[in-house]
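Student: Please take me through the packing of the secondary-structure elements in this model. I should like each question settled by a value or a name.

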Amino acid sequence: MIKPDEIIRSRRRTLSISIDSFGRLIVRAPIRFDEERIFAFLKEKESWILRKQAERKGAGMDLPPDNLDGYEFLLLGKKTKIQLVEGTKVGFDAEQNVIYLPHKNAKERLVKWLKENAKRILATVTQQKAKEMQTTFQSVSISSAKTRWGTCSFDNKIRYSFRLLYAPKEVVEYVAVHELAHTKHKNHSPQFWAEVTKYVPDWKQKRKWLKTHAVLMEIF
């Protein structure tokens with residue numbers, strides 16, 4: 001039997017269902033509708049629900065639980081596990097791909113750690129690619145954007161979402177090249193894509209990875 005992950009009741013008149021980015025089934029129902037009526041509707045829509053859930057779960061990721069201990073997510077494309085520990089400092093074992101995270105304010109500490117490392121890594125990659133592309137930029141900053149992996153302003157200030165740190169290094173490099181190409185071409189003209197292709201010939205595959213894993217924008 002299909003079971004919803006969440007039922008949201010309101011003064012609406014109709015029953016509707018949706019599948020979120022993580023494959024969760026969300027039901028929106030009128031206050032007067034009992035569960036029997038809701039489950040009967042879900043039974044009718046079972047094939048559609050299962051198909052959509054399979055599509056949404058393509059990235060193989062789950063929402064972080066309240067207790068982060070044991071939660072796994074991607075870090076530079078590699079599955080990384082969180083282990084909650086006593087103490088006040090975040091530690092990282094690069095060989096075992098384990099982040100040692102203090103219990104207290106765990107999520108806040110993790111996001112701060114991710115942003116700090118994103119700034120360091122993405123600034124280095126951008127500098128390397130700028131030298132290779134023989135171009136310059138004003139600065140690199142980190143945001144919490146959930147709709148864009150990176151942007152380049154008119155005055156060549158590059159801004160990345162810290163969530164880009166989840167992507168494999170080669171995908172990170174593609175995004176850096178993409179934004180640096182905007183220092184030469186302030187659009188997505190054929191000349192712009194020619195510049196990107198010059199340094200990342202398989203950019204379409206990298207862009208496909210980002211689209212397939214857009215669900216990562218929802219993590220932390």
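**Helices, sheets and their contacts**

Student: At what angle to β10 does α4 run where it lies across β9 and β10?

Tutor: This is a predicted model, in which local features need pLDDT of at least 70, side-chain atom pairs count only at pLDDT 80 or more, and totals for chains, interfaces and linings use all residues. Residues are numbered from 1 along each chain as its sequence is written, and side-chain values use heavy atoms, with hydrogens and water left out. Helices (H or I, at least four residues) and strands (E, at least two) are DSSP runs numbered from the N terminus, while angles run from 0 to 180 degrees between N-to-C directions, with axes fitted to C-alpha atoms, for helices over the stretch in contact. α4 lies across both β9 and β10, and its angle to β10 is about 150°.

Student: In the open sheet of three strands, what is the strand order?

Tutor: β8 (139-143) and β9 (150-152) each have a single partner strand and stand at the edges, so each has one side without a neighbour in the sheet. β8 and β10 (residues 157-161) pair in the parallel sense over five bridges, where pairing requires at least two DSSP bridges between strands. The sheet has mixed pairing, and its order is β8-β10-β9.

Student: Which strands does helix α3 touch as it packs on the sheet?

Tutor: Within the sheet, isoleucine 142 stands opposite tyrosine 160 in β10. Helix α3 (residues 106-133) packs on this sheet in a direction that makes about 150° with that of β8, and the strands touched are β8 and β10.

Student: How are α4 and α6 oriented to each other?

Tutor: Helix α4 (residues 169-181) and helix α6 (residues 203-212) pack at an angle of about 105°, with axes 10 Å apart. Angles under 35 degrees count as roughly parallel, over 145 as roughly antiparallel, 65 to 115 as roughly perpendicular and the rest as oblique. The two helices are therefore roughly perpendicular.

Student: Which residues of α6 make the contact with α4?

Tutor: Contact means heavy atoms within 4.5 Å. From α4, the contact draws on Glu170, Val171, Tyr174 and Val175. From α6, the residues are Trp203, Lys206, Arg207, Trp209 and Leu210.

Student: Within what arc do the buried residues of α6 fall?

Tutor: Buried means under 20% relative accessible area, exposed over 50%, and partly exposed in between (1.4 Å probe, protein chains only). Trp203, Lys206, Trp209 and Leu210 of α6 are buried, whereas Lys204, Gln205, Lys208 and Lys211 on the other side are exposed. The arc is that of the directions from the helix axis to the C-beta atoms. The buried residues line one face of the helix because, seen down the axis of α6, they fall within an arc of 115°.

Student: Is lysine 206 buried or exposed?

Tutor: Lysine 206 is found in helix α6. Leaving aside neighbours within four places in sequence, its contacts are Glu170, Val171, Tyr174 and Val200. Its relative accessibility is 11%, so lysine 206 counts as buried.

Student: How many of the five residues of strand β7 are buried?

Tutor: Five bridges join strand β5 (residues 78-85) to β7 in parallel, and three join strand β6 (residues 91-93) to β7 in antiparallel. Strand β7 (residues 98-102) is largely enclosed by the rest of the structure, because the number of its residues that are buried is four.
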